Amino acid sequence: MAVAKQEVLSRDRGNQPLWVWIMVLTAHGGHCVYCAERPSQTLEHEAPLASGAGRDIWWNLVPACDRCNGWKHKKSATEWAFDMKMHHAHPKAGFARNALPLHVVEGIKERIVQVQREIQDAARRKWFERHYGDKKTPRLRSEKHEEVERCTKVLARYPYPPWESTEAGASETVCMRILCCGYHQKDSNVEFVTLPKADREDLKRMAYARGLWTGDLIGALLKPALEKWRQSQPADDGKAA
Ligand SMILES: [Zn+2]
Ligand SMILES: [Zn+2]
């Protein structure tokens, strides 16, 4: 029964909070690190727990589809890739009952390195923890998947990953990224500009050329002008009525 299986899998990764699920499953563009094709469905221990080398902690987790997770089973990624390569070389020798195509197998190592770099990015990790760390972890895996999907939609709305934007200030507890939560900070506000089409398009091109989001570009362009204007103002000696 589908529900019973889900329950088992849920318990299997039960000790990971929701934010870790979201952080890992949204990495690698939401795709399985092994086949690079199917959507990621589960947290996979890159170094398996069964081997004694793996630990049930975020830095040992990679996104995987259920099929690859099942096929890899208790092997390490290196062992599994080796067996699949042997399977392609000697199909009848029984190295792997199921195997990914050879060109896919050859990319596994590099993809794992890439995705681990992504997961271990402290700014990214902090963003997920601050946005989802307070949320109750659902019991069912399907409910966790719904949260992952919701987050994927949120992330798609940003012009670039919000954890890459600058921080509006320092905080030990809340998100301060200007792209998502900066406006929540005191003294910060969102301003709107209305531009004719030609200007808007050139602004977009200019932003693209500088590698900036248009909002950040407007802020960057305004700053020196504001600074110049401030300096042109008579010094406020506190006697102004
Ligand atoms: Zn897969
Ligand atoms: Zn935020």
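The paragraphs below lead through a pair of crossing helices, an open pocket and an enclosed cavity in this predicted model.

A useful place to begin is helix α2, residues 18–25, together with helix α8, residues 141–157, whose axes come within 9 Å and cross at roughly 60 degrees. Because angles from 65 to 115 degrees count as roughly perpendicular and those under 35 degrees as roughly parallel, this crossing makes α2 oblique to α8. The crossing of the two helices is right-handed. On the α2 side the contact is made by Leu18, Trp21, Ile22 and Leu25, which meet Arg141, Lys144, His145, Glu147, Val148 and Cys151 in α8. Sorted by class, the residues in this contact are six nonpolar, one polar and three charged.

From the helices the reader can turn to the spaces in the model. The largest pocket has a volume of about 1,300 Å³, and among the 33 residues that line this pocket, Ile178, Asn189, Glu191, Gly215 and Gly219 are the closest to its centre. The lining of the largest pocket is made up, by class, of 15 nonpolar, 10 polar and eight charged residues.

Enclosed space is a separate matter, since a cavity is a set of points where a 1.4 Å probe fits but cannot get out. The count comes to one cavity of 30 Å³ or more, and the largest cavity holds about 60 Å³ of space. Its lining consists of Ala123, Lys126, Trp127, Arg130, Glu167, Cys175, Met176 and Arg177, which divide into four nonpolar and four charged residues, with no polar ones.

How values were computed
Residues numbered from 1 in each chain as written. Chains lettered and ligands numbered in written order. Predicted model: local features only at pLDDT ≥ 70, side-chain atom pairs only at ≥ 80, totals over all residues. Heavy atoms only, no water. 1 Å grid on protein atoms, 1.4 Å probe; cavity = no way out; pocket = protein on both sides within 12 Å on 5 of 7 lines; lining within 4 Å. Points joined across faces, edges and corners; volume = space filled by probe spheres on them. Nonpolar A, V, L, I, M, F, W, Y, C, P; charged D, E, K, R; others polar. Axes fitted to C-alpha atoms, helices over the stretch in contact; angles between N-to-C directions. Helix = DSSP H or I, 4+ residues; strand = E, 2+ residues; numbered from the N terminus. Parallel < 35°, antiparallel > 145°, perpendicular 65-115°, else oblique. Left-handed = near helix turned anticlockwise from the far one by under 90°. Contact = heavy atoms within 4.5 Å.
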